[in-house]
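I'm opening the notebook on this two-chain model and jotting down what I look up as I go. I begin with the core and work outwards from there.

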Amino acid sequence: MKTSTRIVLIFVVLLAFIGIQSFTTRVQDEPTAEQVIKKAQDKMQGTTTKAEMKISIIRPKWSRTMQLKTWSKGTTYGMTLITAPARDKGTVFLKRGNEVWNWVPTVERIIKLPPSMMGQSWMGTDLTNDDLVKESSMEKDFTHTLNGKETVGGRTCYKITSIPKEDAAVVWGKVISWIDTKDYLQMKTEFYDEDEELVNTFTASGIKVMGGKTVASLVEIVPADKTGHKTKMEYISLTFNESIDDSFFTTQNMKKVK
Amino acid sequence: MSGSNRPAVLFLLVWLIFGGTASAQFKENFTYRGYFKDLRAVSIDANGNTLQQNLFHHRINFRYSMKHNFVGGLELRNRAFYGEFLKYAKGYGDQLEYDPGLVDLSWSWINNPAFIAHTAIDRVWLNWSNDKWDVRLGRQRINWGQNLVWNPNDLFNVLNYADFDYEERPGSDAVKVERYFKKGGSLQMAYKFTEKPEDRVMALMYRFNKKNYDFQILAGQYQQDVAAGVGWAGNIKGAGFKGEATWFEPMTDSSEQAFLTSATIDIVLDKGPYIMISGLFNTLGTSDLSKLLQLTPTAGGRLDVKRLMPNKYSVFVNGGGAISPLLNANLAAIGAIDIGGIFLMPSIDYSLKTNLDLSLVGQSFVGQADNKWQNLSSAVFLRIKWSY
């Protein structure tokens, strides 16, 4: 259970993260802030993604890296297989709607996990899984304003400030996003708390074509108040919209997935 | 089976599963993994006598994927025991040597009062599967549990929570056939071969998911009883809610009727610890406090699904979580309420490097005698594990 409490969060986080990647639609006319966000939301629905990635937690005195494969279909289905390190290899998580299961290879058993495990702090970062998942409700819960253009990572970006609506149950007081005008890549995002203090910064780099789309293959998350702390997420491979049958996302398949 | 036949049988099994080919394709389809563990323990008994025990442990798991959806598995457990514990635990080597399965795959190849070297094969199977079917023959782990800690539904492999160092748990010599259905759900049949026919286990289980709950219904023969049970796993808001119940009705005079049921709630508190609370009721429970020590990992005996605890009413409470990404702390406690016994197990796990883990585990059995709480048996374990 210990390993799972730490790891289970990853794959739901990834679902949200992959959603962020889906900004990469070319839009002819200059869109409004709402349109950019809406595009991302629409993109996320009904698509499938297959990815292999590497996640590293970096601290001043140590670092740990984990490698995994994920499959997702819309926001309903997700499967994650840990491929490294050796200690956790073969561990699988399956999400169907709001149910989550964990395959423990050593005892060859499927354990159903409580939904509250999703609210856990994620791999030592200040983010909880819920915070990241709520990112997908950016459209619904926030009002967005376009604040002109700025250059981030050598790319011209729209700067969008998002403020939560009054009744929205979100943890952030403000979110500022820099979205590339050419490929609609989310180059940088700053998350502020309710006192307008910066909490986390997401920075994208390593832009290349993967799965037929221009994407940022590397995302770094840096907490504002902790020097030398960083979380890195890097894509090794990425495929979009490849047909995955619903039957792939079953407890039966958890034992076989490779 | 006589001891002299064993190497031949082993060779045959390995040959059958791994086919003896060493082509490039073989390398691609062949995987292995495992770990090395060094475990140091100091125990103290009810009279205050301390004993030291050392265990060096190696495990290797092989898998070979073949044509036509066949997969073979072989898992070996090599252990070397030394330390003063062995001087007092006379016959421990012989106890390890005993393999309760149909085929004897357990060898104490060095067995003297100062040192025991022991090898056991606890998994060796051949699996075939497609979209609808999954068939496995050989020594395997058949897990029929939905609940955590106590599994009255688990007719094939019983788990002893206190035996934390045997993370894979023993296997059964069995055949298992599972049929999956289109709308989800499955029907499973398993037959456990045993040396004595009266020990055999065969049962059917139907599993399905309804209203976000996993359900299972099972029925069959468990040794000299007819057994029937149900199990579930679902959620109540943010908490997990799981449980199992099994009824055992004797077919012969030498067996006893039994009913066991257990239910569990587990939850992760807001950015806080993981909490689990479980209860077990067992009609066969006795009031003998000393039997609580059957749970000690070195007691060697396997638990019986009809006696998951030696007493009637038990509760399990667990709290733990990550203190940092490298450090986990946990405290588990079992209360044998009706006999006034408690089992405590605090543990700390620290990741020294990638794949190198350090664990410090305490175990204490305490009981009430003459209106006083006293130590029945306690131990501290220090373990270092390298996974590959």
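**Entry 1: the core.** I asked for the largest nonpolar core and got 73 residues. The members that touch the most other members are A:Leu94, A:Ile179, B:Leu155, B:Phe156 and B:Ala203, so I note names from both chains there, with the burial cut-off at 20 or more other C-beta atoms within 10 Å. This is a predicted model, so I keep that in mind for everything below. There is also a second, separate core of six residues, and B:Leu74, B:Leu105, B:Ala120 and B:Ile121 are among them.

**Entry 2: B:Phe156 up close.** I picked B:Phe156 from that list and looked up where it sits: the loop between S6 and strand S7 (172–180) of chain B. Is B:Phe156 buried or exposed? I find B:Phe156 buried, because 24 other C-beta atoms lie within 10 Å and 20 are enough to count. Leaving out neighbours up to four places away in sequence, B:Phe156 touches B:Ile142, B:Trp144, B:Ser172, B:Ala174, B:Ala190, B:Lys192 and B:Val201. I also checked a far-off stretch of the chain: B:Val305 is 149 residues away in sequence, yet its C-alpha atom and that of B:Phe156 are separated by 8.4 Å.

**Entry 3: strands S8 to S10 of chain B.** Next I followed the strand pairing. S8 (residues 186–192) and S9 (residues 201–210) of chain B run antiparallel and are joined by seven bridges. In that pair I found B:Ser186 opposite B:Arg207 of S9(B). S9(B) also pairs with S10 (residues 213–222) of chain B, again antiparallel, through ten bridges. B:Ala203, which I had noted in the core, has B:Gly220 as its bridge partner in S10(B). The hairpin of S9(B) and S10(B) has two residues between its strands, and B:Lys211 takes a positive phi near 50 degrees there.

**Entry 4: the two domains of chain B.** I pulled up the domain assignment: domain 1 covers 1–140 and domain 2 covers 142–388 of chain B. Their centres, taken over C-alpha atoms, are 22 Å apart. The contact uses 30 residues of domain 1 of chain B and 35 residues of domain 2 of chain B. On the domain 1 side, strand S1 (30–45), strand S5 (115–129) and strand S6 (133–140) of chain B each give two or more residues. Which of these strands gives the most? S1(B) does, with 13 residues. I sorted the domain 1 side by class and got 14 nonpolar, five polar and eleven charged residues.

**Entry 5: where the chains meet.** I count 37 residues of chain B in contact with 29 residues of chain A. On the chain B side, at least two residues each come from strands S11 (225–236), S12 (239–250), S13 (258–268), S15 (313–324), S16 (327–336) and S17 (341–353). By class, that side has nine nonpolar, 16 polar and twelve charged residues.

**Entry 6: chain A overall.** Chain A has five helices and 13 strands. Of its 258 residues, 40% count as buried. Among its contacts with a separation of 6 or more, 49% are between residues 24 or more positions apart.

**Entry 7: how far I trust chain A.** Mean pLDDT for chain A is 79, with 77% of its residues at 70 or more. By element, helix H1 (residues 2–21) has the lowest mean, 45, and helix H5 (residues 251–254) the highest, 92. pLDDT stays under 50 over residues 1–13 of chain A, where the model still has 44 contacts beyond four places in sequence. Residues 18–28 of chain A also stay under 50, and there the model has 29 such contacts. I'm flagging both stretches.

**Entry 8: backbone oddments.** I went looking for a cis peptide bond and found one between A:Ala84 and A:Pro85, with omega about 5 degrees. A:Pro85 is in the loop between strand S3 (77–84) and strand S4 (92–96) of chain A.

Then I looked up positive phi values outside glycine. A:Asn241 has phi near 55 degrees and lies in the loop between strand S13 (230–240) and H5 of chain A. With 13 other C-beta atoms within 10 Å, A:Asn241 is partly exposed. B:His68 also has phi near 55 degrees, in the loop between strand S2 (50–65) and strand S3 (70–82) of chain B. B:His68 counts as exposed, because 6 other C-beta atoms lie within 10 Å and the limit is 12 or fewer.

Terms used. Residues numbered from 1 in each chain as written. Chains lettered and ligands numbered in written order. Predicted model: local features only at pLDDT ≥ 70, side-chain atom pairs only at ≥ 80, totals over all residues. pLDDT = per-residue confidence, 0-100. Helix = DSSP H or I, 4+ residues; strand = E, 2+ residues; numbered from the N terminus. Contact = placed C-beta atoms within 7 Å. Domains from an automatic or database assignment. Nonpolar A, V, L, I, M, F, W, Y, C, P; charged D, E, K, R; others polar. Core = buried A, V, L, I, M, F, W, Y, C linked by C-beta atoms within 7 Å. Pairing = 2+ DSSP bridges.
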